[in-house]
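Thanks for making time, everyone. I'd like to walk you through one model, going from its helices to its cores and then to a few backbone details.

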Amino acid sequence: MSPTPPLTPTTHILVLGGTTEARELAAELAARPDLRVTTSLAGRVARPGAVDGDVRVGGFGGAEGLAAWLREQCVDALVDATHPFAGTITAHALRAAAVTGVPAVVLRRPGWRPGTGDRWHPVPSLNAAADLLPRLGRRVFLTTGRLGLAAFAHLADLHFVVRSVEPPGPPMPPDTHVLLARGPFTVTDETALLREHRVDVLVTKDSGAEATAAKLTAARDLGLPVVVVERPPLPEGVTAVPDVAGALERLGLTPR
């Protein structure tokens, strides 16, 4: 990644968003009258949370389309604050930044780490999680997002409780109970949910979000195994910042 040059009164910053950190960063940047911030959302959620500054929705058309947009909109710096599992978007962003000479910052919240009493089973993919499940339990609490259910659709002998912000579509496992909810969730709530649905194994992605970490504590307290899908690695040579303060520092700014 290229070093970020000093910001000027005409500086335009593009934030690739969809996360809590992206919204917090946009709020920090939009509050500065000498900056212009645009947050780009993929459009996968029909009702995203409010975002400060300008907002665009939808894809760019790959790295080439993003590069063209950076040039057309005179973008001076790019911050990729997408979900830790949005590996394709990150790769496109870094490629577009490289060909246009626009400095890029990758913001990734730290991943979760197991503690004493956790029964974690790390796996590299959703397909690997599906392969492991029959050996761990029959009633599964699946919190990997509505777009990844196809990996579990063949597991007809298991019962799934799927939590999603919006209704998932097919394919999905035939024996599935859908819960529509948006975090944050408390340990008390998560414990009650696991008990009510008689869950005996939890599947989650290592998103690292505090808003959804309570389920891990609840699973530990109940002695349940947890299948944790590991994050895709960042491109070689890329070092992410862990929080909004780190992103601001890379941009040459200090928090308000």
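Let's begin with helix H2, residues 62-72, where the buried ones are Ala 63, Gly 65, Leu 66, Ala 67, Trp 69 and Leu 70. Buried here means under 20% relative accessible area, exposed is over 50%, and partly exposed is in between, with a 1.4 Å probe and protein chains only. Helices are DSSP runs of H or I with at least four residues, strands are E runs of at least two, and both are numbered from the N terminus.

Before I go further, the small print. This is a predicted model, so local features need pLDDT of at least 70 and side-chain atom pairs count only at pLDDT 80 or more, while totals for chains, interfaces and linings use all residues. Residues are numbered from 1 along each chain as its sequence is written, and side-chain values use heavy atoms, with hydrogens and water left out.

Back to H2. What sits over its buried residues? The cover includes strand S1 (11-16), strand S2 (35-41), strand S3 (54-57), strand S4 (77-80) and helix H3 (87-100). Contact, by the way, means heavy atoms within 4.5 Å.

Just past the end of H2 you hit Cys 74, with a positive phi of about 55°, and that's in a residue other than glycine. Cys 74 lies in the loop between H2 and S4. Is Cys 74 buried or exposed? Exposed, with a relative accessible area of 54%.

Now jump along to helix H6, residues 214-221. Here Ala 214, Lys 215, Leu 216, Ala 218 and Ala 219 are buried, and yes, there's a lysine in that list. Their cover includes strand S6 (119-123), S7, S8, helix H5 (187-196), S10 and S11. Right after H6, Gly 223 takes a positive phi of about 70°.

On to the cores. As a general point, nonpolar side chains in soluble globular proteins tend to be buried together. By nonpolar core I mean a set of buried Ala, Val, Leu, Ile, Met, Phe, Trp, Tyr and Cys residues joined through side-chain atoms within 4.5 Å. The largest one in this model has 20 residues, and those with the most contacts inside it are Leu 133, Phe 152, Phe 160, Val 203 and Val 227. At least two residues each come from helix H4 (126-132), strand S7 (139-143), strand S8 (159-164), strand S10 (201-205) and strand S11 (225-229). Which of them gives the most to this core? That's H4, with 4 residues. There's also a second, separate core of 18 residues, and Ile 13, Ala 77, Val 105 and Leu 107 are among its members.

Let me stay with Phe 152 for a moment. It's found in the loop between S7 and S8, yet Phe 152 is buried, at a relative accessible area of 0%. If you skip neighbours within four places in sequence, Phe 152 is in contact with Leu 126, Ala 129, Ala 130, Leu 133, Leu 142, Thr 144, Phe 160, Pro 173 and Val 203. For a sense of scale, Phe 152 and Gly 237 are 85 residues apart in sequence and 34 Å apart in space, C-alpha to C-alpha.

A few backbone oddities next. The peptide bond from Pro 170 to Pro 171 is cis, with omega near 0°, and Pro 171 sits in the loop between S8 and strand S9 (176-180). Another cis peptide bond joins Gly 183 and Pro 184, with omega about 10°; Pro 184 is in the loop between S9 and H5. Then there's Arg 198, which has a positive phi of about 50° although it is not a glycine. Arg 198 belongs to the loop between H5 and S10 and counts as exposed at 55% relative accessibility.

Finally, the overall view. The protein chain has 7 helices and 11 strands, and buried residues make up 46% of its 256 residues. Its C-alpha atoms fill a box of roughly 60 × 35 × 35 Å along the principal axes. Of the contacts between residues at least 6 apart in sequence, 67% join residues at least 24 apart.

That's my tour; over to you.
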